[in-house]
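Me: I should like to work through a protein structure step by step. Could the discussion proceed by short questions with reasoned answers?

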Amino acid sequence: MLKPNENYLKLKESYLFYSISQKVAAYLANNPGEKLYRLGIGDVSLPLCPAVIAALHEAVEDQAKKETFHGYMPECGAPFLREAIAAHYGKRGVELSSDEVYVSSGASDELGDILDLFDRQSSALIMEPAYPAYVDANVMAGRRIVHYPSGVENGFLPAPSPAAEADLIYICSPNNPTGSADDRAGLKAWVDFANERGAVILFDAAYEAFIEDENVPHSIYEIPGAKTCAIEICSLSKTAGFTGTRLGYTVIPKELMRRGMRFGSMWVRNRTTKTNGVSYIIQKGGAAVFTEEGQKQIKENIAVYKKNAAVLTETLDKLGLWYCGGRNAPYIFLKCPDERNSWSFFDMLLHRAQIIATPGVGFGKCGEGFCRLSTFGSPEDTVEAAKRLTEVFG
Ligand code: PLP
């Protein structure tokens with residue numbers, strides 16, 4: 001009889017969002033009609049910007065005419081979009097050729113699929129607390145996970161050490177859930193560590209558009225030496241509101257190879273086997289993000305989330321509560337006051353302030369005692385939530 005992939009038996013049940021929804025439903029059953037302030041969401045709330053909408057409409061019209069109709073798209077991405085992304089990197093001083101850029105349907109898809117490039121016996125270093133998909137995708141493939149905890153003592157930005165020995169190194173900067181963002185020196189240490197050992201960094205840049213500080217790189221390739229040790233996975237989800245539209249990109253430099261095998265060439269082979277590309281319409285919408293007009297408009301949306309972040313962090317500062325993030329990232333990782341654990345603080349916020357947060361323990365053991373606040377909600381709700389935080393903790 002066929003043997004299923006028994007690695008799935010090793011996956012831990014993810015109770016996080018299920019438990020949140022159960023607690024919220026129970027609260028609403030006892031308090032019908034009560035308004036809740038949802039600072040737990042990881043999804044955006046603003047619509048796509050006008051430049052993207054116009055490009056999507058035009059692309060739909062193209063598909064209606066014989067002369068402009070597109071069938072299958074190139075598996076690694078349309079040249080017009082690969083070139084636009086490479087040029088965008090160029091503006092930041094990172095020289096890439098368009099065939100080092102691979103268009104995807106989003107970072108989640110890529111974070112799972114890219115693992116095809118590495119031996120299943122290889123190990124994966126996950127800095128925790130972490131985006132849960134990193135662990136689960138590697139457990140499914142049967143890889144050994146090296147859990148690498150971080151905390152208040154290092155601002156949730158762990159440095160390399162002998163305990164970080166692994167073949168694959170996940171770095172998410174700016175980070176979900178902690179909102180921390182590594183600076184040049186911090187990333188250089190990881191790049192050197194990976195190059196010395198022949199490890200490969202999987203750099204998740206899903207939140208790069210939120211970076212404000214000059215010394216925080218948007219791309220790992222701003223660090224000398226990164227092209228020989230890193231793959232960068234990025235997404236338009238949070239950058240431009242594409243969570244439901246789906247578009248991302250992955251960069252694999254030509255220099256990146258191990259044991260004589262070039263990962264870029266392997267990825268071309270993988271993509272031409274496993275996908276038929278991203279739809280023409282969506283890629284046209286995505287290309288509009290990289291125009292001057294698109295860049296201006298997405299920054300206006302991001303500014304709204306940043307204003308939310310400022311409202312929350314100013315409130316937490318006044319209340320004297322410890323947190324990290326909220327400056328180069330759309331998340332704030334708040335230390336639960338009075339030594340409460342994550343779930344007890346979640347309950348308190350829900351019952352006393354009608355605020356929904358995300359318990360930090362859902363992102364790994366060392367997230368215990370923290371809650372994640374998201375800045376993706378509406379400005380009105382964020383202002384009201386901040387007022388309620390002051391009422392409860394002031
Ligand atoms: N990486 C991180 C750290 C995320 O937080 C998310 C989504 O929340 C993703 C990747 C997935 O992004 P996408 O919508 O492109 O699949």
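The questions and replies below concern a predicted model.

Me: Where does the ligand sit, and how much of its accessible area does the protein cover?
Reply: The ligand sits in the largest pocket. A polar side-chain atom of Ser 235 lies 2.6 Å from an oxygen atom of the ligand. On its own, the ligand has 400 Å² of accessible area, and the share covered by the protein is 92%.

Me: Which residue has a side-chain N or O atom 2.6 Å from a nitrogen atom of the ligand?
Reply: There are 15 residues around the ligand, and those that come nearest are Asn 176, Asp 204, Tyr 207, Ser 235 and Ser 237. A polar contact requires a pair of N or O atoms within 3.5 Å. The pair with the ligand nitrogen, at 2.6 Å, involves the side chain of Asp 204.

Me: How far is a polar backbone atom of Ser 108 from an oxygen atom of the ligand?
Reply: In this contact the protein side is a backbone atom, and it belongs to Ser 108. Its partner is an oxygen atom of the ligand, and the distance is 2.9 Å.

Me: Which element gives the most residues to the shell around the ligand?
Reply: By class, this shell has 7 nonpolar, 5 polar and 3 charged residues. Two elements give two or more residues to the shell, namely α7 (237–240) and α4 (107–113). The element that gives the most, with 3 residues, is α4.

Me: Why do β11 and β14 each have one side without a neighbour in the sheet?
Reply: The open sheet has 4 strands in the order β11-β12-β15-β14, with antiparallel pairing. β11 (323–325) and β14 (358–359) each have a single partner strand, so one side of each lacks a neighbour; the place where both stand is at the edges.

Me: Which residue of β15 is the bridge partner of Thr 358?
Reply: β14 and β15 (residues 370–374) run antiparallel and are joined by 2 bridges. In β15, the bridge partner of Thr 358 is Arg 372.

Me: Which residue precedes Pro 177 in a cis peptide bond?
Reply: Pro 177 is placed in the loop between β5 (168–172) and α6 (184–197). Omega is near 20 degrees for the cis peptide bond that leads to Pro 177. This bond starts from Asn 176.

Me: What is omega for the cis peptide bond between Glu 128 and Pro 129?
Reply: Pro 129 has its place in the loop between β3 (123–128) and α5 (133–140). The bond that joins Glu 128 to Pro 129 is cis, and its omega is about 5 degrees.

Me: What is the phi of Phe 156?
Reply: Phe 156 lies in the loop between β4 (144–149) and β5. Although Phe 156 is not a glycine, its phi is positive, at about 60 degrees.

How values were computed:
Residues are numbered from 1 along each chain as its sequence is written. This is a predicted model: local features need pLDDT of at least 70, side-chain atom pairs count only at pLDDT 80 or more; totals for chains, interfaces and linings use all residues. Side-chain values use heavy atoms; hydrogens and water are left out. A residue is near a molecule or strand if one of its heavy atoms lies within 4 Å of it. A polar contact is a pair of N or O atoms within 3.5 Å; within protein, one must be able to donate a hydrogen and the other to accept it, and residues adjacent in sequence count only if both atoms are side-chain atoms. Accessible areas come from the Shrake-Rupley method with a 1.4 Å probe; for residues, only the protein chains shown count as cover. On a 1 Å grid over the protein atoms alone, a cavity is a set of points where a 1.4 Å probe fits but cannot get out, and a pocket is an open set with protein on both sides within 12 Å along at least five of seven lines; lining residues have an atom within 4 Å of a point. A molecule sits in a cavity or pocket if more than half of its atoms lie within 2 Å of its grid points. Ala, Val, Leu, Ile, Met, Phe, Trp, Tyr, Cys and Pro count as nonpolar, Asp, Glu, Lys and Arg as charged, and the others, Gly among them, as polar. Two strands pair if DSSP finds at least two bridges between them.
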